[in-house]
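Dear colleague,

Here is the structure I promised to hand over, with the sequence beside it. Please keep it open while you read the notes underneath.

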Amino acid sequence: MNKRLIIVESPAKVKTIKKFLGAQYAVHASVGHVRDLPSNTLGVDEANDFAPQYEVIDSKKHVVSELRAAAAKADVVYLAPDPDREGEAIAWHIAELIRDKTKTIKRIQFNEITAKAVREALECPRELNANLFDAQQARRVLDRLVGYKISPLLWKTIKRGISAGRVQSVTLRLIVDHETEREAFTPEEYWLCKAFLCADTPPLFTAELLKLHGKKAHIGNKKQADALKAEISNKSFVVRSVTKKERERAPKPPFITSSLQQAANQRLSYSTKRTMNIAQRLYEGVELDEKGLTALITYMRTDSTRVADEARAAARDFIAKTFGPDYLPAKSRKYKSKAGAQDAHEAIRPVDMTIVPEMIRGALPPDQYNLYKLIWSRFVGSQMAGARFHDTTALVECGKTEWRAKGERLLFPGFLTIMPASRREESEAALPPLAIGQTLTLDKLEQGQKFTQPSPRYNEASLVRELEERGIGRPSTYATIISTLQDRDYVRLTDKHFIPTDLGRTVCRHLSEHFTTLMDVSFTAQMEESLDKVAEGSRQRVDLLRAFAAQFNPALDAAAKNMQSLKSGMPANVSCPGCGKPLLIKFGKAGDFLACSSYPACRYTSNFTRAENGQVEIVPAEKTQAAKVGVCPRCGKDTVVKKSRTGSRFIACTGYPACSCAAPFSTGVPCPRCGKGMLVEKSSKRGKIFYSCDQYPQCDFALWDKPMPGSCPQCEAPYLVEKKKGESIKVVCPVKGCSYTREDDVIFLPNT
């Protein structure tokens, strides 16, 4: 009989921990949360201090039975879910469910899944932290009150199935407000002026216009640009001053959750959700050829840059042996965490410095290798010496104009040896030797018309940075927040940037009008601080919830009376091309579309886009409907190719909305697995195109690469696939080991 039971969150951890614990320990997994608020009722007793009414999740009832049975056989149960508020809540719920089956329940936590860390945790168990659990309960109740009570108002007034969220809605407001600012932006003309100069020795270098007639230079139009060109014509460029200095660039601190999400998005183009999923696998353990199941990184949900002394010493030892003593700073580097950071966990770092990414590249999938390399390099680099540069700044005069040239030369790479600069951090070119009074030769004058641009839309990295800086949510919730906004079709990721849909704009406007406080960014940030105080024990959960309800309930009552219904459509400020009546923006199952306000007298519908200034623009029929591809089997009208809100094409009747007949877009390739269906185009919730059998769920064949008609001339595989790399396209055989490929006769399906 096992005398000791360890309960963790995930099955992957079970395998990793069993690897280095003896037979006296049984290890089971809760597979995440086992209890939650009910799905079909509010589940919060507001009259009784907001007491949550938990119930076992249906899909976890068998897990709970197994945990209770295992607990009955153990003298001591160690609860070891993740070391954060959610983990504490999971541990608390498990304890409540097994308390009648065992005498002793202890809480343990570890920052890394190694034999040493787990054994140290077992030697120093603690009691469950009621304050942490209260903070998690408060957050869960707040989110339930907001979502459960506001969402039905949105169903009644806008569209069924959409939702509101305490943090999600404020994040939506950031995106919508930013887009509104962009639409109101007025571009202004300006001209860039660069002089390409030659000294006595190479290289050719550039100098930018700095001053004109003693004032900061601003060339606003072509006339001024021509005047500048005339002014410096036949005049000499003379070096007025040369400033030289050495500069050291220090490495960045090791990753925390938010900085990892940003770096992975910028360098690897990974979404926040993908990054966290990969990091979870690296933390729980992956199969390595010689080591077996091995945890590679420490816990990935943290906002602290603290590093254990032992890990810092191991990094310095690795750096000294690998790169030499010159690459070590005089003192080991310690980084200060931001104010309010939870310092219970270390920064994200590799568990073992000596597991160099290249050593295990063949054992990891590419996405795991790429993220591990990023984490490993950032941590090792954070303990290395800084990079040293020699900077030169030269001021050059030509008549009554002043120009500035900058150059830098790398003296010592330091941490850049292991953590190369990103594209935007790349060094400038070096300047040739320059002396005061030296005359330079103008090779050419480059002048270019430019227009000021609005600040760019948020991408995943910049949105995470904005949320972090404003104190909205917590790093561990960013991935969920962003995914929810996309799943609800409130925002779309276009060219890697978030654009609010008209549905998202409408929801945001409704909520901002009727829930002013809830949609206030500073209020949301203050609520996060209040939740932190609950976790610290300096504020009571019930007091926080009462204060929230005191302002929320009156706003809710007023919204229920005053929130205007837009189910009939929203004015588009555009006239119908068919009858001249106003067009309305409507929210259909496949996304936003335009429809005539005089329906059913006029059945005009169209897709639309928005111009840079926000004005609605009708998409011409030939672009909306592409090629007519047949006749509707239901009503006899033409059918056309359209796009779903997530990006995949489908065949639809031109008689929509009167006729809703639709079908997936076929690739013309029979399913190679079942032979009954055809491969059709689909798209994931995140907008990634894939291809699957139209007989799903009877046949679940699917692939990411676009299938092409025709068999392989070498191995006679029943279909080929299209591979894209940059601008080039190849057609290859999908069969492993077959080398067939072609470039000269790519087959394109209609409207590709």
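What follows is a short account of what was found, taken topic by topic.

Please bear in mind that this is a predicted model. The average pLDDT over the protein is 89, and 95% of the residues reach a score of at least 70. Two stretches call for caution: over residues 622-627 the pLDDT stays under 50, and the model has 14 contacts there beyond four places in sequence, while residues 744-752 also stay under 50 and have 18 such contacts.

Turning to the interior, the largest nonpolar core contains 73 residues, and Ile150, Leu154, Val507 and Phe515 are the ones with the most contacts inside it. Helix H5, which covers residues 130-157, supplies the largest share of this core, namely 11 residues. If one sets aside the neighbours of Leu154 within four places in sequence, the residues in contact with Leu154 include Lys159, Ile162 and Ser163, and also Tyr490, Val507, Leu511 and Met563. Another core, which lies apart from this one, has 67 residues, including Leu296, Met300, Phe318 and Met353.

Leu260 may also be worth a look on your screen. Leu260 belongs to helix H8 (residues 257-268), and with a relative accessibility of 0% this residue counts as buried. Residues up to four places away in sequence not being counted, Leu260 touches Phe255, Thr275, Ala279, Ile348, Leu371, Leu374 and Ile375. Val534, by contrast, is 274 residues away from Leu260 along the chain, and the C-alpha atoms of the two are separated by 27 Å.

Helix H6 (residues 168-184) has 17 residues, which at 1.5 Å a residue should span 24 Å, and its end C-alpha atoms are 25 Å apart, in agreement with that expectation. Because 12 of the 17 residues of H6 are buried, this helix is largely enclosed by the rest of the structure. The buried residues of H6 include Val170, Leu172, Leu174, Ile175 and Val176, but also His178, Glu179, Arg182 and Glu183.

As for the strands, E17 (residues 439-451) is joined to strand E9 (residues 189-198) by 10 bridges, and the two run antiparallel; within this pairing, Ala195 has Leu445 of E17 as its bridge partner. Strand E12 (residues 237-249) also pairs with E17 in the antiparallel sense, over two bridges, and here the bridge partner of Phe237 in E17 is Leu440.

Further along, four strands make up an open sheet with antiparallel pairing, in the order E30-E31-E32-E33. Strands E30 (666-670) and E33 (702-703) stand at the edges with a single partner strand each, so one side of each has no neighbour in the sheet. Between them, strand E31 (residues 678-683) is joined to strand E32 (residues 689-693) by five bridges, and Lys682 stands opposite Phe690 in E32.

Finally, since you may ask about the cysteines, how many disulfides does the count come to? The count is zero. The nearest cysteine sulfur to Cys576 is that of Cys602, which is 3.7 Å away, and Cys576 is in no disulfide, because a disulfide here requires two cysteine sulfur atoms within 2.5 Å. Cys576 counts as buried, at 4% relative accessibility, and Cys712 is buried as well, with a relative accessible area of 2%.

With best wishes

Technical notes:
Residues numbered from 1 in each chain as written. Predicted model: local features only at pLDDT ≥ 70, side-chain atom pairs only at ≥ 80, totals over all residues. Heavy atoms only, no water. Core = buried A, V, L, I, M, F, W, Y, C linked by side-chain atoms within 4.5 Å. Buried < 20%, exposed > 50% of the residue type's maximum accessible area, 1.4 Å probe, protein only. Contact = heavy atoms within 4.5 Å. Pairing = 2+ DSSP bridges. pLDDT = per-residue confidence, 0-100. Expected span 1.5 Å × (residues − 1).
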